[in-house]
Amino acid sequence: MSLNLSEVESMADPAEMLFDLPFDGEMPMPAALARAPAYSGPFAAEFSKLLRENPTVDPRRWERAKEDAADFLADWGDQAAELGWTAAELFGLHPVAPLTRYDVMGLVWLLNGKEVSELNERTAKIGAATYYRTKP
């Protein structure tokens with residue numbers, strides 16, 4: 001299928017289709033990240049670092065992790081802290097093989113667009129899967 005120039009010009013911008021916002025030349029910020037600077041809970045320092053620095057070589061996974069972290073912290077951040085979850089258990093990655101070592105990968109990196117439906121001191125339920133926290 002080929003498109004002529006007038007058809008291409010009349011197509012909606014991908015940003016407008018995804019975010020329902022007019023495109024002004026800049027990428028719109030997902031809703032989760034728009035409220036991220038307001039987060040001041042127990043994991044604020046770690047979350048702020050994640051927003052500033054990509055600890056992986058994959059920019060798309062980093063963007064996804066930032067959105068997942070914002071959503072998780074808004075819904076579960078205080079409860080996670082009360083249950084004793086640590087920043088490493090939520091945000092951690094292996095220093096040499098960050099996206100391949102699942103045994104040390106923090107919860108927000110495992111979410112990958114999914115939501116936590118249950119959280120306790122030992123586990124986090126993500127869809128049909130259960131993430132087991134490694135407690136010292």
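In this predicted model, three strands form an open sheet in the order β1-β2-β3, and the pairing is antiparallel. The edge strands of this sheet are β1 and β3, each of which pairs on one side only, and neighbouring strands are turned by 25 degrees against each other on average, with direction ignored. Beyond the sheet, the points below take up the packing of helix α4 against helix α5 and a tilted aromatic pair formed by phenylalanine 43 and phenylalanine 91.

**Strands β1 and β2**

- Strand β1, which covers residues 116-119, pairs with strand β2, residues 123-126, in the antiparallel sense, and three bridges make up this pairing.
- The connection from β1 to β2 is a hairpin of three residues.
- Two of the bridge partners can be named here: glutamate 118 is matched with lysine 125 in β2, while leucine 119 has alanine 124 in β2 as its bridge partner.

**Strands β2 and β3**

- Strand β3, residues 129-132, is joined to β2 by four bridges, and these two strands likewise run antiparallel.
- Lysine 125, the bridge partner of glutamate 118, has threonine 130 as its bridge partner in β3.
- Alanine 124, which is the bridge partner of leucine 119, stands opposite tyrosine 131 in β3.
- The hairpin of β2 and β3 has two residues between the strands, and in this hairpin glycine 127 takes a positive phi near 60 degrees.

**Helices α4 and α5**

- Helix α4 (residues 44-52) packs with helix α5 (residues 59-82) at an angle of about 155 degrees, and the axes of the two helices are 9 Å apart.
- Because angles over 145 degrees count as roughly antiparallel, this angle makes α4 roughly antiparallel to α5.
- The crossing in which α4 passes α5 is left-handed.
- On the α4 side the contact is formed by Phe47, Leu50, Leu51 and Arg52, which meet Trp62, Ala65, Lys66, Ala69, Ala70 and Leu73 in α5.
- By character, the residues of the contact of α4 with α5 divide into eight nonpolar and two charged, with no polar residue among them.

**Aromatic pairs**

- A search of the whole structure finds two aromatic pairs, and one of them is described here.
- The ring centres of phenylalanine 43 and phenylalanine 91 are 6.5 Å apart and their planes stand at 55 degrees, so this pair is tilted.
- Phenylalanine 43 lies in the loop between α3 (31-34) and α4, whereas phenylalanine 91 lies in helix α6 (residues 87-91), and the pair therefore ties together parts that are 48 residues apart in sequence.

How values were computed:
Residues numbered from 1 in each chain as written. Predicted model: local features only at pLDDT ≥ 70, side-chain atom pairs only at ≥ 80, totals over all residues. Heavy atoms only, no water. Pairing = 2+ DSSP bridges. Axes fitted to C-alpha atoms, helices over the stretch in contact; angles between N-to-C directions. Parallel < 35°, antiparallel > 145°, perpendicular 65-115°, else oblique. Left-handed = near helix turned anticlockwise from the far one by under 90°. Contact = heavy atoms within 4.5 Å. Nonpolar A, V, L, I, M, F, W, Y, C, P; charged D, E, K, R; others polar. Phe/Tyr/Trp six-rings, centres within 6.5 Å; stacked < 30°, edge-to-face > 60°.
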